[in-house]
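I opened my notebook to look up two things today. One is the protein's inside, the other is its meeting place with DNA.

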Amino acid sequence: MKLLGTILVRQMGRLVLSGVIVEVEAYLGEIDPASHAYRGLTKRNAVMYGEPGHAYVYFTYGFHHCLNITTEKVGKAGAVLIRALQPREGIDRMKKNRGVNKLESLTDGPGKLTKALRIDRALNGEDLVASKKLYLVRGSGARINVGRSARIGIKVGLEHRWRYFIKGNPYISKTKPRSENP
DNA sequence: CTCGTGATTGACT
DNA sequence: GTCAATCACGAGC
């Protein structure tokens, strides 16, 4: 996944928060039962059908926001869920936003990183190329060791191993995919 | 350390 | 009415 190693920047006035993307999951519409777009276009997932390179932000579990980046052409649903970041700039501010002091648990989960970076549905549909509030910066290009596994937190579509992460990075999420069935 | 569970809103059936 | 791409915390090992 090309997004691994890319830097995600959140800018609020003079304040800059950023981190390196270290863990992602791919979701495709139609063929993917775990995707929000599996049952077709709805109000919530409309952004997934729009242009690639935009932010798809949704609210879940009554507490958390999750950040996705759309990947497919207009009319085709597809997005990549950003699951974890390695904090880079504005770390003190992120700690404040999260109310924690440990660097490793600052952004090692999809709900955590949106809270740390103050991402909410106001940023849904944001153009990550043109935006000044939330955008991507090409990484260093350093060689990275990519691992792969089943996706986390879903009950269906486990046959697709579409979770990608930087192997050995301490900031990836610790939760494991549910492999068995209750 | 690992495991289980409660919290709480919005969108879909 | 039901359920969700999650997290924090407390109990038990």
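Here are my entries, starting with the ground rules.

**Ground rules.** I am reading a predicted model, where local features need pLDDT of at least 70 and side-chain atom pairs count only at pLDDT 80 or more, while totals for chains, interfaces and linings use all residues. Residues are numbered from 1 along each chain as its sequence is written, chains are lettered from A and ligands numbered from 1 in the order in which they are written, and side-chain values use heavy atoms, with hydrogens and water left out.

**Entry 1, the core.** I looked up the largest nonpolar core (buried Ala, Val, Leu, Ile, Met, Phe, Trp, Tyr and Cys residues joined through side-chain atoms within 4.5 Å; buried means under 20% relative accessible area, 1.4 Å probe, protein chains only). It has 34 residues, and Ile21, Val24, Leu67, Ile82 and Leu134 touch the most other members. Strand 2 (15–28) is among the elements that supply at least two residues each; strands are DSSP runs of E with at least two residues, helices runs of H or I with at least four, numbered from the N terminus. Strand 2 gives the largest share, six residues.

**Entry 2, the DNA.** Which residues are closest to DNA strand C? I found Tyr58, Asn68, Arg98, Gly153 and Lys155, out of 19 that surround the strand (near means a heavy atom within 4 Å). Helix 2 gives the most to this surface, three residues. The side chain of tyrosine 58 has an N or O atom 2.9 Å from a base nitrogen, while the side chain of arginine 98 has one 2.9 Å from a phosphate oxygen.

Note on methods
Buried means under 20% relative accessible area, exposed over 50%, partly exposed in between (1.4 Å probe, protein chains only). A polar contact is a pair of N or O atoms within 3.5 Å; within protein, one must be able to donate a hydrogen and the other to accept it, and residues adjacent in sequence count only if both atoms are side-chain atoms.
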